[in-house]
4 protein chains.
Amino acid sequence: MGELGNVSSIRTAMEKNQYLLKSQYALNIVEAKCKIIDEEMRMKYGREITRSITQRIKTPESIYAKLVRKNLQTDFKTACDKLNDLLGVRVVCLFVDDVYELAKLLKQQKDVKIIKEKDYIAAPKKNGYMSLHLIIEIPIYFDENCEKKRVEIQIRTATMDCWSVLDYQLCYKKNMADTAGIMEKLKRHSDTIAAIDREMLTIRNEIEKI
Amino acid sequence: MGELGNVSSIRTAMEKNQYLLKSQYALNIVEAKCKIIDEEMRMKYGREITRSITQRIKTPESIYAKLVRKNLQTDFKTACDKLNDLLGVRVVCLFVDDVYELAKLLKQQKDVKIIKEKDYIAAPKKNGYMSLHLIIEIPIYFDENCEKKRVEIQIRTATMDCWSVLDYQLCYKKNMADTAGIMEKLKRHSDTIAAIDREMLTIRNEIEKI
Amino acid sequence: MGELGNVSSIRTAMEKNQYLLKSQYALNIVEAKCKIIDEEMRMKYGREITRSITQRIKTPESIYAKLVRKNLQTDFKTACDKLNDLLGVRVVCLFVDDVYELAKLLKQQKDVKIIKEKDYIAAPKKNGYMSLHLIIEIPIYFDENCEKKRVEIQIRTATMDCWSVLDYQLCYKKNMADTAGIMEKLKRHSDTIAAIDREMLTIRNEIEKI
Amino acid sequence: MGELGNVSSIRTAMEKNQYLLKSQYALNIVEAKCKIIDEEMRMKYGREITRSITQRIKTPESIYAKLVRKNLQTDFKTACDKLNDLLGVRVVCLFVDDVYELAKLLKQQKDVKIIKEKDYIAAPKKNGYMSLHLIIEIPIYFDENCEKKRVEIQIRTATMDCWSVLDYQLCYKKNMADTAGIMEKLKRHSDTIAAIDREMLTIRNEIEKI
């Protein structure tokens, strides 16, 4: 056995039982919900709310790596039971107050069950990561059955989204001894980003008062 | 008042209350359901099932014309109450038996309520029109509410679909006196089409026996 | 070595030098050309011209199988030199006269070079296959360079397109001894299809005269 | 005459001669070029280059407003002659050095003719607006003819892109007396944004050195 064997057995499992098609279906529903809220808020405030709404199904490689990192058994069944982010939707807003209003409107919907909520904007991760995370569950109807599908929704501002690109690059560096200095910079950069977002909000509010 | 006034007041009504966005959402769900069934059947039989799955929201012009034809009041509220085909999905299959199996699998789904079913394949319309029509209702969740959305699903073979193009062209001709002869031909053409579809099925069944 | 080895070395070669992205680019240009002609003709005749325009990049499996069938060396370089259908666009028209007019308008374009033309409608293949095939070459600009890309365009009616599905199914049957009877039926079915298309045309012309 | 009359006569002119379809074609080619460069750079540097590539055809309303602002005659012919941004592609990069490299690779392409280049990053507009603008011309082949199509390409970082949203909001405020204070803040905010982009670059370069 070995890494490749496991990645490829996860891939094989994902190709069965219409996993991909059903996941796509669930993601499309969540994306549609976000778009409807986006339009609702756009009408209400007369300005742009989101910059992009994207979706992804976690790849076999990425599932395998996460299972290893979490010391879990490296099979797809375990992934389905234990990982909350197999299906993900990312919403990038322009202003930080919109992040919270969009989340609130999503949580109100009757077929959306909130499994977990983490506010990494109010309390950023140690490395500086900021984002609002919702793990939700929605019912999806196929055949005669109804399946519950869990989806992780990350809502953040465009500037937070820029920061996360640097963090992602750093993740792929092995030589951890050398990264301490950079991690410190990245953390401070995250504080600057938060300040930028507050400034954006202040200016926007002043413009709206004119 | 007059025709234009009414068409444009229907258009205005359609632009309110996120009618278009919510309708799009409902159509996407129905289209996704059809695609999942398509894949299921493709796996089961090892061959192509549908040639295309398309959707449309009825235009204000077309709504107005239908209300007039049916002697109904020409406003959008009446259209929503009385017309079943404001939202439509068309599924074009290759073989006539697949039309029925696809419909059966759709009807089994727990969130799909069948409002009406018309089998214009077993009993074509007088002019020769063939198609299986399902009017369904599905629940769509927005905000804190759940709306029922009615969708007309037309399922037919690719050859029936070709026939309907001629019929559609004829509809737009006013001079009805001259159309009698053509209507007769169109009706006979529809019989030939039905024969073609039976032949398609026979040959396919023989191929599958090899 | 062996079949899998070759398929996978073809796949590897296809992932290099931006083959897929550049091929996509070429296909999009050809598809756009077809759509513009479609609209032009739709305006001119006031009716629908095409039912669908699709594109595909030939898969490694399919390339390998064709090279074997043609007794050629089974590597990607040979495929690029000898096969004309690595990139394909299929245009499905409703009426057979539109097939020819669309082809004519495509051939007139200054950046389209015709490499080969085969009229399998006037002279169907032995098995009954009908379609108009154009092999064209168009210049695609990347970097500082210009590459010539060959694309096979198949133009046919929707009824011919239905026939080809049966033929495709038959292709995958190995037991050729048993297929003789069916091939005969398929050939006769192709004649019926041609008759249907002529009838479509006749009725359409009569409708247009009203 | 009057505003509405002119907007609608511009709209009518845009619906003729396949202006929309041909413009779409030109935009798709430019977008494809940007995507190929994006992939090329992504391979070379092993990291994400662009965050989004979008396109738009200027609306009749927006064309009319711009003609008025520039004191030009308000018809579509004048717009085609005098305005360079009827067709626009916007490329949002993550890092400011990528903005310049992407532009360089685009300018090298043999079928791209550079009409004008404005570097509003090196020298921001008075209000703080930052972006690299290229006006290019590409040949598009239709029928027997070849048309030159002008496209404005705006290349900027994601943070610059955020800034522009505020600026856009301010544009729609009439009461200019009150905007002076805000414009000052917006200008300073633009300086902060430029500093953020430099910091992003510094951190990225340090990460890449590990």
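1. C:D85 is buried, at 6% relative accessibility. This is a value from a predicted model. The side chain of C:D85 meets that of C:R56 in a salt bridge, 3.9 Å from N to O. The pair counts because the cut-off is 4 Å. C:D85 sits in the loop between α4 (76–82) and β2 (87–93) of chain C, and C:R56 in strand β1 (residues 50–57) of chain C, so the bridge ties together parts 29 residues apart in sequence. The partner, C:R56, is partly exposed at 35% relative accessibility.

2. Chain C also has a salt bridge within a helix. C:R42 pairs with C:D38, with the closest N and O atoms 3.2 Å apart. Both belong to helix α2 (residues 19–45) of chain C; they are 4 residues apart, which means a separation of about one helical turn. Burial again splits the pair: C:D38 is buried, with a relative accessible area of 8%, whereas C:R42 is partly exposed at 36%.

3. In chain B, which parts does the salt bridge between B:E208 and B:R47 join? The side chains meet at 2.9 Å, N to O. B:E208 lies in helix α7 (residues 179–209) of chain B, while B:R47 lies in the loop between α2 (19–45) and β1 (50–57) of chain B, so parts 161 residues apart in sequence are tied together. Here the arginine is the buried partner: B:R47 has a relative accessible area of 6%. B:E208 is partly exposed, at 33% relative accessibility.

4. Chain A holds a salt-bridge network. Its members are A:R47, A:D97, A:D98, A:R204 and A:E208. Two arginines, two aspartates and one glutamate are thus linked by salt bridges. As background, oppositely charged side chains can pair when their charged atoms come close.

5. How many salt bridges does the structure hold over all chains? The total is 87. The bridges in points 1 to 3 are among them: C:D85 with C:R56, C:R42 with C:D38, and B:E208 with B:R47.

6. Now the symmetry. Chain B superposes on chain C by a rotation of 180°, with 0.0 Å of shift along the axis and an RMSD of 0.0 Å. The two copies are therefore related as by a two-fold rotation axis. The same surface serves both copies, as 100% of the contact residues of chain B recur in chain C.

7. Which residue of chain B comes closest to the rotation axis? It is B:T159, with its C-alpha at 3.2 Å.

Note on methods: Residues are numbered from 1 along each chain as its sequence is written. Chains are lettered from A and ligands numbered from 1 in the order in which they are written. This is a predicted model: local features need pLDDT of at least 70, side-chain atom pairs count only at pLDDT 80 or more; totals for chains, interfaces and linings use all residues. Side-chain values use heavy atoms; hydrogens and water are left out. Helices (H or I, at least four residues) and strands (E, at least two) are DSSP runs, numbered from the N terminus. Buried means under 20% relative accessible area, exposed over 50%, partly exposed in between (1.4 Å probe, protein chains only). Copies are superposed by least squares on the C-alpha atoms of residues with pLDDT of at least 70 in both. Contact means heavy atoms within 4.5 Å.
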